Each structure stands twice: as C-alpha cells, then as structure tokens.
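Hi,

Here's the structure I said I'd pass on. Have a look, and my notes on it follow below.

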Amino acid sequence: MMGSFNRAAATVFLAAAAFLCVSCSKTTVITVPEEIAFDAFGMPMTRAGYPESGIFGVYACQAGCGVNTAWDASDAWPQASSYFANAAFKNIDGNWAGYDIAQGKPNPYFWPSDGSLMFAGYSPHKDASKGTVTSVAWNPNREDLSVGVNPYMQIGFTQKTDISEMVDLMWFDVKDVNEGRTMTKESGVVNIDFRHALSKVTLNFSGSQNIYKLTSVKLKDCINTATFYSGKTAGWMPDLAVEKLKDFTLLNSEVMLNGWTSPENLLIIPQYLDGIFPVIGTGSVDMGIDVILAFTVTDGYGSQEIEIPLKDYTERWIMGKHYVYNIAVNADPIDFGSPSISITTQTVTM
C-alpha cells in the first residue's frame, strides 16, 4: 500500500510541475512606457539659457516614419497628426516633464509605441505668463506643399509695463529640435534650443564733471502689444493703436547721473523706432509714433527735461538683439548752461 501511495503522489507532483511550466511559458512581458522629458538649460554662448523655474508650452506631432527622418520629408511632417497640444512642462528633478499648472502637480506625457515625434514650443506657457501671453494658436501648415511645409505658432503678447515684472518671450520650432530630425523614445531626453523673441535695451549714463543728477528716465511711446509668428520667417505684427503704446518708467527718484544704468530686465517688443511699419500684403505702411528717450537732469539750482528720438541712433530693435546706449551728459565747467549730450551705441546678441 505504501508503494502505491508513493507512485500516486509522484504522479500528482509531476502534473503540478508540468502545469507550472505551462503557466510560465505563457507569461506576458509588460513594457512600461517611457516618459517624454526635455533638457532646456541650453549651452553657453549659443543658446538662450533657460531659467530653472520656467514653465513652457509644447506641441507634439506624430508621424509613421522612423527616427532621425528630416522633419520636412514627405513621410514626416506632411503626414503627421497632433499627439498633444500646448502641454505644460516644468523642471522636475533636473529635466522638464509634463506638469498640470492648474492642479500644481506632475502630468506626465509618454512616447508612442510606434512612429516618431516632432516638437515645437514657447515660453512662458500661457497659463504661467502672468497675463503677458494673451493667446496661442498652432498652425501645422502642411497642406500647401507647393511652397514647402511651414508649421508656426501665433502668439498674442502684451508686455508688462513694470520693469521688474517683464517677461522674456522665447520659442523653438520643429526645425530647431534634434537638428530638424524626428525622434523616438530611443532618442532619450529631448534637448531644445530656445530663441529670444524680444529685444533688450540698456541705458548707461555718464557725466565727466559729476555735476548732474537724474530725477526721471523714460522710454516713451513704445509698442507694447503685438502678435508673434514663429516658423521659417519669424517676426512680429504690432498693434499701433495709440492707446496700446506705453511709456516705460525706468527711474523716478533722484540719483547721481554719472554711472547710472537702467534696470537689467528691460525687454521690449521689436519695432521700428520711427513707428512706421509695412502692412503685410498691401504695400502700404502704418504710421506710428517715434520712440523717445526722455530724462530730467538737475544741477541743484534748476532742472530740465531732455527728449531724444532714438531713431537718430537705431533704425529698429530686432528680436534677439541687445541694444546698449551709452549717454554722456556733460556740463560746461564755466558756463553751467544746457548740457552737451552724446550717445554711442552697441548691439550684441542676447
């Protein structure tokens, strides 16, 4: 009886083992999707260094082609469809990942299981822009292949008049990412190259006799509301309505003129300084108003306001450029009459 029992037990054991082996052979491997992340820090001297606290918006489009396909190849952008639109990305643990601004928490986005992606974006995200980005529209512009594909963003923008609150509008297009080639999850973290959409202005005052003080400094009648278009020919379409022109107050207290420099964050919509802009598609022009540098000097006995049209020194402010005006205000050490003023300019890349 004992031998019979052992043979039965062995049969049950072997059957159970066989079942386990069959079960193992049918185990399904679950692939965890990989999260999309960006590196937005940029490279010194070549890119617009991105602030760690910045939140930017991203548009992603998916095509069926493989990795490293030229973005404008026939099987890439012309065949692409939207993957996600105006998604917010924030620095989380060193890379920019999907973020829900309203909820204040991560909102990850993942690579597709097939095909490849192309990206475009802007900063700051509309919902994190303090009201400066008033609208964002995305135009894939892939239908008219006779002139070549040209996706672009259309961004409504109104700069803050308080210098300390000014926002630095930046962007990158599809052609700027991965040297204009498609990407897949195997590409890893996406490196992006932001470009500046605004101009920067700095005023440096000097006076050899150290006699004068400044009591106010303004840039008057600056265009402050406009629409930015990215794409192959990026540029601005300004709103020239007089009520939309703004004065930027750079100083409203008494300081020594010699050595005074305007605030660091003076970021202005690119514009012609005589206020004349061509109207696209019409051949006509819109007439605006001269941009004026106005400042008040005092020698302790009296004061005078001086107004200088900056068009005499710069034709236009171009996006991505930093304009430095060195303003020498010198007194006659004997006469103490009206000061003599000379201005030299420098232009560098932001």
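A quick word on pLDDT before anything else: it is the predictor's confidence in each residue, on a scale from 0 to 100. You'll want it because this is a predicted model. For the protein chain the mean pLDDT is 87, with 82% of residues at 70 or more. The weak spots: residues 1-31 stay under 50 and have 0 contacts beyond four places in sequence. Residues 43-47 are also below 50, though that stretch does have 5 contacts beyond near neighbours in sequence. Where pLDDT is low, the predicted coordinates should not be read in detail.

Now the strands. There's an open sheet of 4 strands, ordered 7-8-14-15 and paired antiparallel. Strand 7 (133-139) and strand 15 (235-238) sit at its edges with a single partner strand each, so one side of each has no neighbour in the sheet. From one strand to the next, the twist averages 20°. Strands 7 and 8 (residues 152-158) are joined by 6 bridges, and one pair to look at is Val 136 with Ile 155 in strand 8.

Earlier in the chain, strand 4 (residues 95-100) pairs antiparallel with strand 1 (residues 37-39) through 2 bridges, where Ala 37 partners Ala 97. Strand 4 also pairs antiparallel with strand 3 (residues 81-92) over 4 bridges, and Ile 92 stands opposite Asn 95. That hairpin has 2 residues between the strands, and Asp 93 takes a positive phi near 60°. With strand 5 (residues 105-106), strand 4 makes 2 antiparallel bridges, Tyr 99 being partnered by Pro 106. Here 4 residues lie between the strands, and Gly 104 has a positive phi near 65°.

Cheers

Methods:
Residues are numbered from 1 along each chain as its sequence is written. This is a predicted model: local features need pLDDT of at least 70, side-chain atom pairs count only at pLDDT 80 or more; totals for chains, interfaces and linings use all residues. Side-chain values use heavy atoms; hydrogens and water are left out. Two strands pair if DSSP finds at least two bridges between them. Axes are lines fitted to C-alpha atoms, for helices over the stretch in contact, and angles run from 0 to 180 degrees between N-to-C directions. Contact means heavy atoms within 4.5 Å.
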